[in-house]
Amino acid sequence: MADILEVKNLKTYFITKEMTVKAVDNVSFTIRQGETFALVGESGCGKSATCRSILRLIHKPGKIVDGHILYKGKELTALSQKEMRQIRGKEIAMIFQEPMTALNPVLTIGEQIFEAFGDQKMSKKEKTERAIELLHMVGIPRPETRIKEYPHQFSGGMRQRAMIAIALAAKPQLLLADEPTTALDVTIQDQIINLLNDLKAKLGMSILLITHDLGVVAQMCDRVAVMYAGHVVEIADTLTLFSSPRHPYTYGLLSSLPTGHEKERLIPIPGSPPDLANPPQGCPFAPRCRFAEDRCREELPALSEISPDHLTRCHFPEKLSEVKSFVEGGR
Ligand code: ADP
Ligand code: MG
């Protein structure tokens, strides 16, 4: 499968007189045509900064200081903001955790969809029909009436659906979804996940899904990159990542994931992520890693392939190879 997006050695830093926060530090991954690709990791590890960098939505004091972002081979980091506007929304759209930040409170949902059509040549009647169709597609009941309503007249789950409809209006080929279900309760969360899965199948678009929740990854993603302290520490297809993690941080995340078993014991990862303004030398996970040796505290491991399509940034990935499968055997 061809790649739709390639992120290569991306560095996005927040730079002030006092300090430099290395939010994204040498991140590389690719998203293939038609797949759902997850970025997972604890809060503060650089997921949103990576996502916003792709659309060049990093504001001061943030800056992309190095690296490449190739969309269908086109270098996005070299485009002007004017050229980026041709990409944003039309080729690559984004949805957020909190729909109210993306929705305009003084415009009806219909007007916001019309705006998102951009310069597509359509009559008023065609626009209305297409907007109703979009609301119907994202599962909003009675779209003919709801198109005339304002965001505050929608419930949380319906707002999320409306934001997705707006994002899809210009038929983007890549959807960036930054924690789209985090603010929702579990039932609505499942509905939105099912909706995204349906839309992906129907529209054939690729999705970059950002989440801190591995349960969500299991439900909808083809491949996964795990981020820790501004670095990608492991990349694999979802089944491989869940059944044979090869980075101790991934292993830790999986061990703290509820399985639904009655007698399960959740094992949280001890400690907390490092300060990105002052990261430790060597592997940033070493202070929390029960497998760490001297080498880990001295030298940052490279992200290297341990089997086809499975990469890890660990000096001792074989230490995890004896750990039982999470998918079949439990723990
Ligand atoms: P995540 O989405 O994984 O929770 P973020 O990408 O939001 O993480 O943040 C990564 C790091 O960048 C964090 O340490 C955060 O404090 C820092 N950061 C984000 N935005 C800013 C900003 N505007 N100024 C300074 N630091 C920031
Ligand atoms: Mg975030």
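**Rings, cores and a cavity: a short tour**

Hi everyone. A search through the whole structure turns up five aromatic pairs. Before we look at some of them, please keep in mind that this is a predicted model.

Let's start with Tyr 228 and Tyr 249. Their ring centres are 4.4 Å apart and the planes meet at 50 degrees, so we call this pair tilted. Where do Tyr 228 and Tyr 249 sit along the chain? Tyr 228 belongs to strand β9, residues 223-228, and Tyr 249 to helix α11, residues 248-255. The two are 21 residues apart, and the pair links distant parts of the chain.

Are these two tyrosines buried or exposed? Tyr 228 has a relative accessibility of 1%, so it counts as buried. Tyr 249 is buried as well, with a relative accessible area of 0%.

Now, Tyr 228 has another partner. Together with Phe 285 it makes an edge-to-face pair, with 5.2 Å from centre to centre and 85 degrees between the planes. Phe 285 is in the loop between α11 and α12, while Tyr 228 is in strand β9, so this pair ties together parts that are 57 residues apart in sequence. Like Tyr 228, Phe 285 is buried. Put the pieces together and you get one aromatic cluster of Tyr 228, Tyr 249 and Phe 285.

Rings can have charged company too. The charged end of Arg 146 sits over the ring of Phe 154, 4.2 Å from the ring's centre. In a second example, the charged end of Lys 319 sits over the ring of Phe 316, this time 4.5 Å from the centre.

Next, the nonpolar cores. Which residues touch the most other members of the largest core? That core has 64 residues, and the answer is Ile 113, Ile 164 and Leu 214. Helix α7, residues 156-168, gives the most to this core, with eight residues. If we set aside neighbours within four places in sequence, Ile 113 is in contact with Ala 131, Leu 134, Leu 135, Ala 165, Ile 166 and Ala 169. There is also a second, separate core of 34 residues, including Phe 29, Ile 31, Cys 45 and Ala 225.

Last stop: empty space. How many cavities of 30 Å³ or more does a search of the whole structure find? Just one. The largest cavity has a volume of about 100 Å³. It is lined by 14 residues, and those nearest its centre are Pro 248, Cys 283, Cys 289, Cys 296 and Cys 314.

That's my tour. Thanks for listening!

Notes: Residues are numbered from 1 along each chain as its sequence is written. Chains are lettered from A and ligands numbered from 1 in the order in which they are written. This is a predicted model: local features need pLDDT of at least 70, side-chain atom pairs count only at pLDDT 80 or more; totals for chains, interfaces and linings use all residues. Side-chain values use heavy atoms; hydrogens and water are left out. A nonpolar core is a set of buried Ala, Val, Leu, Ile, Met, Phe, Trp, Tyr and Cys residues joined through side-chain atoms within 4.5 Å. Buried means under 20% relative accessible area, exposed over 50%, partly exposed in between (1.4 Å probe, protein chains only). Helices (H or I, at least four residues) and strands (E, at least two) are DSSP runs, numbered from the N terminus. Contact means heavy atoms within 4.5 Å. Rings of Phe, Tyr and Trp (its six-membered ring) pair if their centres lie within 6.5 Å; planes under 30 degrees apart count as stacked, over 60 as edge-to-face and the rest as tilted. A charge sits over a ring if NZ of Lys or CZ of Arg is within 6 Å of the ring centre and within 35 degrees of the ring normal. On a 1 Å grid over the protein atoms alone, a cavity is a set of points where a 1.4 Å probe fits but cannot get out, and a pocket is an open set with protein on both sides within 12 Å along at least five of seven lines; lining residues have an atom within 4 Å of a point. Grid points are joined across faces, edges and corners, and a volume is the space filled by probe spheres set on the points.
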